Amino acid sequence: MTRNSMSFIKGMGAGVAAGVIITTVGRIAMKDSKSLAKGTGKAVKAVGDIVESIQMMMK
């Protein structure tokens with residue numbers, strides 16, 4: 001049971017991270033395509049930090 005719930009939580013974390021990235025990229029693309037690369041890099045780094053924090057909490 002614990003193993004199943006941990007897998008579910010990890011999957012939810014990955015889904016949330018993907019949603020955040022897609023939303024951020026979409027917003028930046030709608031505003032200004034010139035700053036797309038800069039904003040995308042920041043979003044990816046932020047989501048990476050969030051996923052890392054979630055993984056640390058799981059241990």
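**Entry 1: Ile-54.** I began with Ile-54, which is partly exposed, having a relative accessible area of 22%. I kept in mind that I was reading a predicted model. Buried would need under 20%, so at 22% Ile-54 stays in the partly exposed class. I then looked up where Ile-54 sits, and found the residue in helix H2, which covers residues 36-58.

**Entry 2: a partner across the sequence.** Next I asked myself how many residues separate Ile-54 and Gly-13 along the chain. I counted 41 residues apart in sequence, with their C-alpha atoms separated by 7.4 Å. Gly-13 has its place in helix H1, and helix H1 runs over residues 2-31. So this pair joins my notes on H1 with those on H2.

**Entry 3: Gly-13.** Is Gly-13 buried or exposed? I found 12% relative accessibility, and because the buried class takes everything under 20%, Gly-13 counts as buried.

**Entry 4: the whole chain.** I stepped back for a wider view. The chain holds 2 helices and 0 strands. Of its 59 residues, 10% are buried, and I had already met one of the buried residues in Gly-13. I also looked up the surface: the chain exposes about 4,800 Å², with 66% of that supplied by carbon and sulfur atoms.

**Entry 5: a patch on the surface.** Which residues make the nonpolar surface patch of about 310 Å²? I wrote down Phe-8, Ile-9 and Met-12. I followed up on Met-12, which lies in helix H1. Its relative accessibility is 46%, so Met-12 counts as partly exposed; exposed would take over 50%.

**Entry 6: Ala-18.** Still in helix H1, I stopped at Ala-18. With a relative accessible area of 35%, Ala-18 is partly exposed. I also checked its spacing to Val-47: the two are 29 residues apart along the chain, and their C-alpha atoms are separated by 8.1 Å.

**Entry 7: Ile-22.** My last stop in helix H1 was Ile-22. What is the relative accessible area of Ile-22? I read 63%, and because exposed means over 50%, Ile-22 is exposed. From Ile-22 to Val-44 I noted 9.9 Å, C-alpha to C-alpha, for residues 22 apart in sequence.

**Entry 8: looking back.** I now have a residue of each class from helix H1: Gly-13 is buried, Ala-18 is partly exposed and Ile-22 is exposed.

Technical notes:
Residues numbered from 1 in each chain as written. Predicted model: local features only at pLDDT ≥ 70, side-chain atom pairs only at ≥ 80, totals over all residues. Heavy atoms only, no water. Helix = DSSP H or I, 4+ residues; strand = E, 2+ residues; numbered from the N terminus. Buried < 20%, exposed > 50% of the residue type's maximum accessible area, 1.4 Å probe, protein only. Areas by Shrake-Rupley, 256 points an atom, 1.4 Å probe, with all protein chains shown as cover. Patch = residues over 30% accessible without salt bridge, like charges linked within 9 Å, V, L, I, M, F, W, Y side chains within 5 Å. Salt bridge = Lys/Arg side-chain N within 4 Å of Asp/Glu carboxyl O.
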